[in-house]
Amino acid sequence: MENNLQDKNSAKQNKAEKLSKFAEILSQLRKERGISQKKAANDLGISQALLSHYEKGIRECGLDFVIKCSEYYGVTTDYLLGVSENRNGVDMAFMSDDDAMEKSSVQTLVHASNMILNMISSAKDISASKYIYDYYTLCVYRGALTMAKAGILPKEMFKIDFNLGRELASAAIAVEDARFVFIEDKSRTGTDLSEKTALHSIIERAEEHILTSFILE
């Protein structure tokens, strides 16, 4: 009898911990994305009050809502439920502590990229969304070419020669840069990223690199 009671208490505590973990992650993802609770609730098709209860761990949601949130924030359901620390299902186990680049830096880049892709997928302006997607794809492609030339990626992944591919990618990026002037300035109506996120860190790092490498006194 006593064992049954202990099992019930243990199960109850385990459930409470899982609910608390889900609530913490749900709130964190929304803040990382830089959106209000009201907007997130509206996008997810529930009331702000209910979302607030979910984020505080007051109420337990159903499986359908977990799946909807995983799609909305671009993470796996396992990550959302606190079962896995891997957000995107990509195995990062191949990385070791001896890597030249710090793991924390790579994770920051992964998180920032995830934020950008999430924003692209949720953007209402299709033309701006396509521009960002094309630009981002070309930048990743050019980086991949560099990795292939350094022997990190297999040559068989590419149909175009390294040097020619890089030149063509650079030209395509230059064309996208020229198209940028046609995108209306939405700085007053865009997402308010008031809290520091991974995207802030990447922007700070990039601007520091530009200022120290290219701006002459």
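**Figure 1. The whole chain is built from nine helices and zero strands.** This is a predicted model, and reading along the sequence gives the pattern α-α-α-α-α-α-α-α-α. Of the 217 residues, 27% count as buried. The accessible surface comes to about 15400 Å², with 56% of that belonging to carbon and sulfur atoms. Among contacts with a separation of 6 or more, 60% are made by residues 24 or more positions apart.

**Figure 2. Here we look into the largest nonpolar core, a set of 21 residues.** Leu26, Phe65 and Tyr73 have the most contacts inside this core. Two or more residues each come from helix H1 (2-33), helix H2 (37-44), helix H3 (48-56), helix H4 (63-73) and helix H5 (77-80). H4 gives the largest share, with five residues. For comparison, a second, separate core holds five residues, including Ala144, Leu145, Ala148 and Phe162.

**Figure 3. Leucine 26 and its partners make a good place to zoom in on the core.** Setting aside neighbours within four places in sequence, leucine 26 is in contact with Leu51, Tyr54, Glu55, Phe65, Cys69 and Tyr73. Two of these partners, Phe65 and Tyr73, are again among the residues with the most contacts inside the core.

**Figure 4. A salt bridge joins glutamate 55 to arginine 30.** The closest N and O atoms are 2.7 Å apart. The pair links distant parts of the chain, since glutamate 55 sits in helix H3 and arginine 30 in helix H1, 25 residues apart. Is this pair buried or exposed? Glutamate 55 has 10% relative accessibility and so counts as buried, the cut-off being under 20%. Arginine 30, also at 10%, counts as buried too.

**Figure 5. Helix H2 shows a buried side and an exposed face.** Its buried residues are Gln37, Ala40, Ala41 and Leu44. These four cover an arc of only 100 degrees around the axis, so they lie on the same side of H2. Turned away from that buried side is a face carrying the exposed residues Lys38 and Asn42. Just after H2, glycine 45 takes a positive phi of about 75 degrees.

**Figure 6. Within H2, aspartate 43 and lysine 39 meet in a salt bridge.** Their side chains come to 3.1 Å, N to O. The two residues are four apart in the helix, about one turn. Aspartate 43 is partly exposed, with a relative accessible area of 35%, and lysine 39 is partly exposed as well, at 38%. The salt bridge count for the model comes to two.

Note on methods: Residues numbered from 1 in each chain as written. Predicted model: local features only at pLDDT ≥ 70, side-chain atom pairs only at ≥ 80, totals over all residues. Heavy atoms only, no water. Core = buried A, V, L, I, M, F, W, Y, C linked by side-chain atoms within 4.5 Å. Buried < 20%, exposed > 50% of the residue type's maximum accessible area, 1.4 Å probe, protein only. Contact = heavy atoms within 4.5 Å. Arc of directions from axis to C-beta. Areas by Shrake-Rupley, 256 points an atom, 1.4 Å probe, with all protein chains shown as cover. Salt bridge = Lys/Arg side-chain N within 4 Å of Asp/Glu carboxyl O.
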